[in-house]
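Hello,

Here is the structure I promised to pass on. Please have a look at it first; my notes on what turned up in it follow below.

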Amino acid sequence: MDAASNRSLISEFFCSFHSSSFRVENVEALAPRCFWDKDLFLSDSFVLGTLRNQHKLAKQMLSFSIPLIVIVIFFGLFWWSVSISTSSRLHAARSYDKIQEQVVLYLSEIGELALGPSRLRELEFCSQDFENHVPCFSARENPDSGYADRSCELEPKQNCIVPPPVKYRVPLRWPIGRDVIWFANVKMTADEVLSSGSMTKRMMMMEEEQISFRSDSSMFEGIEDYSHQIAGMIGLRNVSNFIQAGIRTILDIGCGYGSFGAHLFSKQLLTMCVANYETSGSQVQLTLERGLPAMLSSFASKQLPYPSFSFDMVHCAQCGIDWDLKDGIYLTEVDRVLRPGGYFVWMSPIADAQSFLHNKTNLKKWNAVRDFTESLCWEMLSQLDKTVVWKKTSKSSCYHSRKPRSGPPLCSKGHYVESPYYRPLENCIGGTKSSRWFPVEQRTWPSRANLNKSKLAVYGVQWEDFAEDSMKWKMAVNDYWPLMSPLIFSDHPKRPGDDDPTPPYNMLRNVLDMNAQFGGFNSALLESGKNVWVMNAVPTTGSNHLPLIVDRGFLGVLHDWCEAFPTYPRTYDMVHADGILSLEALRHRCSMLDLLSEIDRLLRPEGWVIIHDATNLIESARMLTTQLKWDARVIESDSNMDKRLLVCQKPFLKKIANS
């Protein structure tokens, strides 16, 4: 018995149960997609006069029959599994797993069915206090650092629609939107704009209702000169040579408001800004409003949610971290995320040799940092004014030639995790025996994005699977782009054709891919010439290919989608989710409404959502989009009849939110 036959039998069983409970005719026409079919859900048998009685009867029947159904199904599966021949056990095991997954999905849908039409009520707006609220970060502060630690355990789920600020406006498209943002879109006072801070934090000007970072200002010349200075300290002619030196991705700690990353973006360099949660004047929020990569994170007590060797350079310009404290554990975390041969750039008054003559405290701090970086096998390349550049060793043998008891020890197998998810900081050096120990100079952009068979073997990925995935996403991008048009929601829905105007190439600045797999969607967008960067999220419940993604030169993060993503509301122009509903439906830790509500929080007004998943789950999600007030349309998949595409657009609900 193959998997398709098993699926058919289970579908017929559940559909017969469904039809007998609700007196729906033509059961054969409903199988195998009887659950949450929109025509069935809105059929004449659900007329207003009998809806409440049927709903009450259904709940009573479900409460008595579900345990019996579960027992019968799993007893039958057990009897079937022990009765088959030995030669068929491997095939049977695979079929059993698929049947079990399908049963769990169907039972989930039956349970949700008991909620009835109450699921269709539109969600209310959250209070205005939530317009800049970030779940998991607002609960408490770390007493040692004074910053909010990430903690989702005590955070209650809020299934409500986060309203935009009163005077919110849709961000300007790139490239203008990278240098000019609407002041009302972020929580910030004029005093905070003009206050002192890091170098890049001061590079802005107020212009009526806008904050400007225009490239023709003298301030921009400052960041350009600073970038060229760093290049010279590395030994390069200018910042355009970063790519040739193997530098593609940069972690900017305490990034100010993203001016360093904005300048480098035009050079094909991706700069991820990380900073602490701030209730007002947030570095991360303002950087995101410019459309640039940023997320909330803290060095206070937890490891960053990135794999080892994720970045080619780590940058800290007056970022406020005391690198000499806690036995250098913060520098050890920098070493973990830095690739072999990568660079650490630090700009601080502490590094200014002239200050040593008058400030003994600075001299003590500098000596502690200098000695500790030496024990990490970093080479100090150059020191100029307040800026220092170190280069991490490319030879793992360096760690064995250190002086005894010099610096942190090498991590044991029990302490080293290649892709940690907010684990406590470890004061040990990991990854020295990793098969991913490649010096940055050996993998340059853009060739590093295309992996051959031998390189894929490092990640346990087959070439055929990788090639198939790449081809799938190249075709998908060509199909997706024309769909992001209001034409799809018209009274006569259709796929926009050749005669219809195509969306502009710069309509999206950023994309969140909730289940990035190999990063194929990111790669396909770049190959198609789209001016966009992608946050590749890898679910903690699925296969972890995040090391492969970051080694390709893309940005990525590990995340549990039953928790809030570490960013402010209205971050992304588009959210893409392939198979995420199937992946999360088996866990039952959070509901589909929880997941879609989080997507709504992350999405800016007039942003797009594209979900590709099993037909039954897509139909369920389509029902829930009415609660979120999204425009939505289900589209058949040309390549797979068991799956559908759900295309949605979040409307700008300004008038409703303010009423």
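The protein chain has 20 helices and 17 strands, both taken as DSSP runs numbered from the N terminus (helices are H or I with at least four residues, strands E with at least two). Please keep in mind that this is a predicted model, in which local features need pLDDT of at least 70 and side-chain atom pairs count only at pLDDT 80 or more, while totals for chains, interfaces and linings use all residues. Residues are numbered from 1 along each chain as its sequence is written, and side-chain values use heavy atoms, with hydrogens and water left out.

Of the 659 residues in the protein chain, 56% are buried (under 20% relative accessible area; exposed is over 50% and partly exposed lies in between, with a 1.4 Å probe and protein chains only). Among contacts (heavy atoms within 4.5 Å) between residues at least 6 apart in sequence, 71% join residues at least 24 apart.

Now to the interior. The largest nonpolar core has 79 residues; such a core is a set of buried Ala, Val, Leu, Ile, Met, Phe, Trp, Tyr and Cys residues joined through side-chain atoms within 4.5 Å. Leu 251, Ile 253, Trp 323, Phe 344, Trp 346 and Leu 512 touch the most other members. Helix H18 (residues 592-602) gives this core its largest share, six residues. Leaving out residues up to four places away in sequence, Ile 253 touches several residues, including Val 274, Phe 299, Cys 316 and Trp 323. A second, separate core has 31 residues, among them Tyr 226, Ala 245, Ala 516 and Ile 549.

One buried residue is worth finding in the viewer. Phe 242 sits in the loop between helix H8 (218-234) and strand S4 (249-253), and it counts as buried because its relative accessibility is 1%. Beyond its neighbours within four places in sequence, Phe 242 is in contact with residues including Ser 227, Ile 230, Leu 269 and Met 313. Phe 242 and Ile 230 are twelve residues apart in sequence, and their C-alpha atoms are 10.0 Å apart.

Finally, a helix pair. Helix H14 (residues 463-483) packs against helix H15 (residues 520-527) at an angle of about 60°, with the axes 8 Å apart. H14 and H15 are therefore oblique to each other (neither under 35 degrees, nor over 145, nor from 65 to 115). Residues making this contact include Trp 473 and Tyr 480 of H14 and Phe 521 and Leu 525 of H15.

Best wishes

Definitions and conventions
Axes are lines fitted to C-alpha atoms, for helices over the stretch in contact, and angles run from 0 to 180 degrees between N-to-C directions.
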